[in-house]
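Colleague: I would love a close look at the surface near the DNA in this model. Please take your time, and show me how the rest of the protein ties in.

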Protein chains: 2
Amino acid sequence: MPDQTQNAFRALADPTRRDIMRLLSANALTIAEVSTHFDMTRAAVKKHLTVLNDGGLITVEARGRERINQINPLGLAPVLSWLEFFDHFWDDRLADLKTAIEKDIQ
Amino acid sequence: MPDQTQNAFRALADPTRRDIMRLLSANALTIAEVSTHFDMTRAAVKKHLTVLNDGGLITVEARGRERINQINPLGLAPVLSWLEFFDHFWDDRLADLKTAIEKDIQ
DNA sequence: TTATTATGATACCAAAAAGTATCACGTTGC
DNA sequence: GCAACGTGATACTTTTTGGTATCATAATAA
């Protein structure tokens with residue numbers, strides 16, 4: 001049971017892995033299916049999936065010879081928890097923050 | 001003006017940088033002051049501060065020969081915005097998530 | 001059985017990251 | 001002016017990371 005916060009933050013640091021998270025948010029997919037969405041080898045995608053799994057952000061379930069990769073929403077908890085720390089400090093600036101977020105969402 | 005989301009996530013991927021964020025949440029500090037809290041050279045700390053600045057997570061203000069490093073709460077907006085994306089998908093699981101967060105905060 | 005398929009694992013390479021050492025430069029204080 | 005101080009910047013080393021290529025293995029399909 002290593003540092004789950006560190007593993008989660010590290011997993012989210014790569015843009016490909018964040019894209020995979022978005023992908024899997026729609027559907028659970030096999031490694032091969034995920035690979036079709038990216039311009040890299042299946043082996044590279046599998047590595048990213050391993051990092052995401054280490055970070056607790058996805059779960060992997062074997063079905064025959066396939067591996068179904070599925071989002072684990074609870075994996076984001078350590079990340080949100082860490083961010084939550086800052087809410088306690090700037091309750092006054094939090095309003096600005098939320099405004100900025102809403103403006104940023106497309 | 002590159003990918004601010006990427007720069008912010010990258011900045012948060014390092015445990016030292018996350019610790020610096022917590023440090024600066026209490027007080028704005030000079031580079032030398034931040035350095036006293038870590039077992040590494042001032043140059044290394046300065047590099048971390050540069051990465052945090054690139055990620056928009058801190059602002060740096062010159063005061064004489066000193067550089068005051070200060071948290072920029074709005075810098076977290078791209079990160080929170082990205083995370084917010086997932087809220088739309090699991091409104092049902094969001095309750096579990098929030099429970100997990102509260103339990104994780106010490 | 002035999003061929004195909006999906007995956008795991010390993011070795012390897014290039015680029016990026018984390019760190020140190022060092023020096024130059026502007027600011028402060030005497 | 002001059003010494004001390006805080007910082008910026010560069011060069012360099014080591015480790016980590018993102019990627020490919022390749023092969024072994026288990027499951028499926030004919």
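Modeller: Happy to! When I name helices and strands, I mean DSSP runs numbered from the N terminus, with at least four residues for a helix and at least two for a strand. Please keep in mind that this is a predicted model.

Let's begin with DNA strand C. H4(B) provides the largest share of the surface near this DNA strand, with 5 residues. Three elements of chain A, namely helix H3 (31-35), H4 and strand E3 (66-71), also give two or more residues each, alongside H4 of chain B. In total 21 residues lie around DNA strand C, and the nearest are A:Thr30, A:Ala32, B:Thr41, B:Gly64 and B:Arg65. By type, this surface is made up of 9 charged, 7 nonpolar and 5 polar residues.

Now turn to DNA strand D. Here H4(A) makes the largest contribution, again 5 residues. The elements giving two or more residues are helix H4 (42-54) of chain A and, from chain B, helix H3 (31-35), helix H4 (42-54) and strand E3 (66-71). There are 22 residues around DNA strand D, with A:Thr41, A:Ala44, A:Gly64, B:Thr30 and B:Ala32 coming nearest. They split into 9 charged, 8 nonpolar and 5 polar.

E3(A), which we met beside DNA strand C, also belongs to a sheet. Three strands of chain A make an open, antiparallel sheet in the order E1-E3-E2. Its edges are strand E1 (29-30) and strand E2 (58-63), each of which pairs on one side only. E2(A) and E3(A) are joined by 6 antiparallel bridges, and one of the bridge pairs links A:Ala62 to A:Arg67 in E3(A).

H4 leads us from the DNA to the protein interior as well. The largest nonpolar core counts 35 residues, and A:Leu57 and B:Leu57 have the most contacts within it. In both chains, H1, helix H2 (15-26), H4 and helix H5 (77-87) each supply at least two of the core residues. Beyond its sequence neighbours within four places, A:Leu57 touches A:Ala8, A:Ala11, A:Met21, A:Leu52, A:Asn72, A:Gly75 and A:Leu76.

Two of those partners, A:Ala8 and A:Ala11, are buried residues of H1(A), as are A:Phe9 and A:Leu12. These buried residues lie on the same side of H1(A), because they span an arc of only 160° around its axis.

A:Arg10 sits in this helix too, which covers residues 4-12. A:Arg10 is partly exposed because it has 19 other C-beta atoms within 10 Å, where 20 or more would make a residue buried. Leaving aside sequence neighbours within four places, A:Arg10 is in contact with A:Gly55 and, across in chain B, with B:Ala13. A:Asp54 is 44 residues away from A:Arg10 in sequence, but their C-alpha atoms are 9.7 Å apart.

To place all of this in the chain, chain A has 6 helices and 3 strands, running α-α-β-α-α-β-β-α-α from the N terminus. Of its 106 residues, 22% are buried. Among contacts in chain A with a separation of 6 or more, 54% join residues 24 or more positions apart.

How values were computed:
Residues numbered from 1 in each chain as written. Chains lettered and ligands numbered in written order. Predicted model: local features only at pLDDT ≥ 70, side-chain atom pairs only at ≥ 80, totals over all residues. Buried ≥ 20, exposed ≤ 12 C-beta atoms within 10 Å, placed from the backbone. Contact = placed C-beta atoms within 7 Å. Near = placed C-beta within 6 Å. Nonpolar A, V, L, I, M, F, W, Y, C, P; charged D, E, K, R; others polar. Core = buried A, V, L, I, M, F, W, Y, C linked by C-beta atoms within 7 Å. Arc of directions from axis to C-beta. Pairing = 2+ DSSP bridges.
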